[in-house]
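Here is a short report on a protein model, with its aromatic rings and its empty spaces as the topics. Look at the structure, then read on.

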Amino acid sequence: MKEHLLENPVFRMAADQFDRTADFLNLSKDIRKRCKWPMRLLTVSIPIKLDNGETEVFYGYRVQHQLSRGPVKGGLRFHPNVELGEVAALAMWMNWKCALMELPFGGGKGGVACDPRDMSAAELEKLTRRYTSEMLPFIGPETDVMAPDMGTNEQTMSWMLDVYSTHAGHMVPGIVTGKPVKLMGSEGRTAATGHGVAFLAARALTKCKIKHETATAVIQGFGNVGYYAALTLEGFGVRITGISDVTGAIFSAEGINVRKLAEHVEQTGGVKGYANAEPIDPAELLVQKCDVLIPAALERVITEKNAAQLKCRVLAEAANGPTTTKADKIIEERGDIFLIPDILCNAGGVTCSYFEWVQNLQRFQWGEQEVLSKLDTKMAKAFDRVISYASYNKLPHRVAALALGIKEVADVKEQRGLFP
Ligand code: NAD
């Protein structure tokens with residue numbers, strides 16, 4: 001199984017990052033093994049009847065990296081490229097992210113290999129319900145709490161909550177986060193990841209002595225995270241000059257109005273064809289001059305092919321694992337890019353999910369301002385910890401963030417000992 005996981009390039013990346021950080025932390029051989037490998041890897045088949053009457057079998061996964069610090073927490077992704085190794089890598093990153101943010105969770109991730117853009121709402125509902133029912137023995141508010149990720153949203157979470165609650169015989173709001181407010185979702189959760197990305201990008205600009213009002217940003221991905229990151233940055237006075245999604249990429253030196261673009265996307269299904277900007281090659285978009293570059297879509301998009309050409313001052317990793325190991329090395333050698341590593345940059349989502357879970361357990365609902373101000377406090381604290389740890393230990397920001405998370409998990413494993 002270990003070799004099988006390592007064949008996946010995304011898992012290999014996560015494993016390489018872990019090994020490098022474990023070397024820095026000088027972790028013992030025993031603890032190193034216990035931290036690195038996932039505890040549970042689940043694969044299920046999901047047969048559903050399509051609208052055309054045919055039966056199709058999809059494959060779904062859930063990886064629970066570790067439960068030592070609490071229930072596992074992590075998103076559920078619907079995307080054609082989903083594979084067990086990729087899901088395991090994302091679960092591992094979630095583990096360090098939760099520990100870095102001082103949340104009482106382990107890392108988990110799930111996914112179904114499917115193309116939600118080609119599926120009807122009825123098919124997606126059947127897929128979600130059957131996936132949830134296959135997972136019933138392994139999930140619960142004290143064991144595994146899922147949330148939206150690429151290709152899933154609050155509707156997906158509502159169906160999951162319904163399956164779990166129907167089975168339990170009573171409403172169990174703490175089974176998922178990122179659900180609608182009427183189903184005891186949290187105010188502020190939908191915007192939280194993008195809001196956190198923008199909040200930290202703005203902090204990084206200030207560190208680089210760049211005024212927000214003169215700054216520009218380019219964003220890859222205009223889904224939940226990309227949209228709210230763009231909207232919040234626009235609110236800070238930053239000009240959004242380039243945006244891409246799966247349909248194409250657009251650029252405007254004068255700036256793109258985020259809400260108007262969202263209306264266009266709502267009407268046409270993508271950013272392509274937006275009238276007030278020029279089309280641009282999606283690969284070219286990433287190397288346009290800008291102050292902040294935000295990959296907010298897929299993994300492994302900053303590679304050895306484009307890392308040397310990047311013309312940004314701040315690289316804010318909203319997506320998980322957007323920068324390959326080779327690209328990381330190039331960026332470190334360049335030394336002119338302020339990197340906000342993924343496990344810190346996009347941690348607003350899981351932090352707000354933690355707030356949602358706490359509210360659910362207490363059957364209590366906080367207001368949006370309370371949620372966002374608690375979120376900003378936690379994000380600012382984690383940002384400052386990573387930056388000062390990196391500077392004190394002369395480490396790249398990524399290794400510093402990972403080290404803070406991994407050390408937390410390693411300490412807990414040491415204290416709990418090994419069963420039996
Ligand atoms: P989403 O499904 O809402 O949006 C994904 C966006 O990426 C869409 O605009 C899609 O068109 C675009 N996209 C897909 N393929 C692309 C390509 N080849 N080039 C350019 N754009 C492409 O997903 P999301 O929730 O916004 O998640 C985006 C990223 O952020 C993922 O890596 C996810 O793991 C990460 N993330 C999400 C959350 C969250 O709370 N949603 C939290 C932490 C991390």
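## A buried ring and its neighbours

Phe355 is buried in this predicted model. Its relative accessibility is 4%, and the cut-off for buried is under 20%.

Phe355 also belongs to a cluster of rings. Ring pairs link it with Phe105, Tyr354, Trp357 and Trp366. Trp366 has a charged partner as well: the charged end of Lys374 sits over its ring. The distance from that charged end to the ring centre is 4.5 Å.

## Aromatic pairs

How many aromatic pairs are there by the rule used here? The count comes to 11. A pair of aromatic rings is described by two values, the distance of the centres and the angle of the planes.

Take Phe222 and Tyr227. Their ring centres are 5.7 Å apart and their planes stand at 85 degrees. Planes over 60 degrees apart count as edge-to-face, so the pair of Phe222 and Tyr227 is edge-to-face. Both partners are buried: Phe222 has a relative accessible area of 10%, and Tyr227 has 19%. The value for Tyr227 is under the 20% limit, so Tyr227 counts as buried.

Now take Tyr354 and Phe355. The centres of these rings lie 6.0 Å apart, with the planes at 45 degrees. That angle is neither under 30 degrees nor over 60, so the pair is tilted.

## The enclosed space

A search of the whole structure finds 1 cavity of 30 Å³ or more. The largest cavity holds about 40 Å³ of space.

Which residues line the largest cavity? They are Leu100, Met101, Glu102, Lys378, Lys381, Ala382 and Arg385. Helix α14, residues 368-393, gives the largest share of this lining, with 4 residues. By type, the lining has 3 nonpolar residues, 4 charged ones and no polar ones.

## An open pocket

The second largest pocket has a volume of about 280 Å³. Its lining is made of 13 residues. Nearest the centre of the pocket lie Arg34, Met39, Ser68, Lys413 and Leu418.

Two helices, α3 (29-36) and α15 (397-416), each supply at least two residues of this lining. The lining of the second largest pocket divides into 6 nonpolar, 3 polar and 4 charged residues.

How values were computed: Residues are numbered from 1 along each chain as its sequence is written. This is a predicted model: local features need pLDDT of at least 70, side-chain atom pairs count only at pLDDT 80 or more; totals for chains, interfaces and linings use all residues. Side-chain values use heavy atoms; hydrogens and water are left out. On a 1 Å grid over the protein atoms alone, a cavity is a set of points where a 1.4 Å probe fits but cannot get out, and a pocket is an open set with protein on both sides within 12 Å along at least five of seven lines; lining residues have an atom within 4 Å of a point. Grid points are joined across faces, edges and corners, and a volume is the space filled by probe spheres set on the points. Ala, Val, Leu, Ile, Met, Phe, Trp, Tyr, Cys and Pro count as nonpolar, Asp, Glu, Lys and Arg as charged, and the others, Gly among them, as polar. Rings of Phe, Tyr and Trp (its six-membered ring) pair if their centres lie within 6.5 Å; planes under 30 degrees apart count as stacked, over 60 as edge-to-face and the rest as tilted. Buried means under 20% relative accessible area, exposed over 50%, partly exposed in between (1.4 Å probe, protein chains only). A charge sits over a ring if NZ of Lys or CZ of Arg is within 6 Å of the ring centre and within 35 degrees of the ring normal.
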